[in-house]
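Me: I am new to this structure and would like a close look at a single part of it. Please take one charged residue as the starting point and work outward from there in a connected way.

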Amino acid sequence: MHYLNIIIKGRKNKLSSLKSLAKKIIQKYINMLGKLNSVEIEEVLTHQIIGRIACHANDMSYIVPISYAYDGECIYARTFEGLKINLMRKNPGVCFQTDVMKNMANWKSVIAWEEYKEPTKESEGMKGYKN
């Protein structure tokens, strides 16, 4: 864990109150660390609609927010031709991340590493978006 030292010149009393606040924030941070169980993971994936997809090819990494749908098995996203599609075609190994945040000390994050696959039929690509 890295700690941030905050220096405010000429404000010694504020510095001590900042240190006290930092200790409280760090303690909350330490308390919130943990591993989600499978039910919590499914809950986050099911109830969120925005995630981030990271891809890498040709010595270039790229991360971008996407809207997505989750059907309990696969994550589906729609996009236009562009940089991320080109990168994922070259290297289909991707990382997907989404989170839910109530406040700075109460949040959950899900990260998944998978293979990018393009649908072979229009209906297959829309499967995750049906109500």
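Reply: A good place to begin is Glu-118, which is partly exposed, with a relative accessible area of 39%. Everything that follows describes a predicted model. The side chain of Glu-118 meets that of Arg-89 in a salt bridge, with 2.6 Å from N to O. Because Glu-118 sits in the loop between E6 and helix H4 (122-126) while Arg-89 belongs to helix H3 (residues 83-90), this pair ties together parts that lie 29 residues apart in sequence.

Arg-89 also has a salt bridge with Glu-81, where the N to O distance is 2.8 Å. As for how open these two partners are, Arg-89 is partly exposed, with a relative accessible area of 42%, and Glu-81 counts as exposed, with a value of 58%. The label for Glu-81 follows from the cut-off, because exposed means over 50% relative accessible area. In general terms, side chains of opposite charge can pair when their charged atoms come close.

The loop that holds Glu-118 has E6 on one side, and following that strand leads to another salt bridge. Lys-108 and Glu-43 meet through their side chains at 4.0 Å, N to O. This pair links distant parts of the chain, since Lys-108 is in strand E6 (residues 106-115) and Glu-43 is in helix H2 (residues 38-47), with their positions 65 residues apart. Lys-108 is partly exposed at 24% relative accessible area, and Glu-43, at 41%, is likewise counted as partly exposed. Salt bridges that share partners join Glu-43 and Lys-108 with Glu-40 into one network. Across the whole structure, a search finds five salt bridges, among them the pairs of Glu-118 with Arg-89, Arg-89 with Glu-81 and Lys-108 with Glu-43.

The strand that carries Lys-108 has its own neighbour to consider. E6 runs antiparallel to E5, and ten bridges join the two; together they form a hairpin with two residues between them. Within this pairing, Asn-103 stands opposite Asn-106 in E6. E5 (residues 93-103) pairs in addition with strand E1 (residues 50-57), again in the antiparallel sense, over three bridges, and here Arg-52 stands opposite Gln-97 in E5. Starting from Glu-118, then, the view passes through its salt bridge with Arg-89, on to Lys-108 of E6 and its link to helix H2, and finally to the hairpin that E6 forms with E5.

Definitions and conventions
Residues are numbered from 1 along each chain as its sequence is written. This is a predicted model: local features need pLDDT of at least 70, side-chain atom pairs count only at pLDDT 80 or more; totals for chains, interfaces and linings use all residues. Side-chain values use heavy atoms; hydrogens and water are left out. Helices (H or I, at least four residues) and strands (E, at least two) are DSSP runs, numbered from the N terminus. Buried means under 20% relative accessible area, exposed over 50%, partly exposed in between (1.4 Å probe, protein chains only). Two strands pair if DSSP finds at least two bridges between them.
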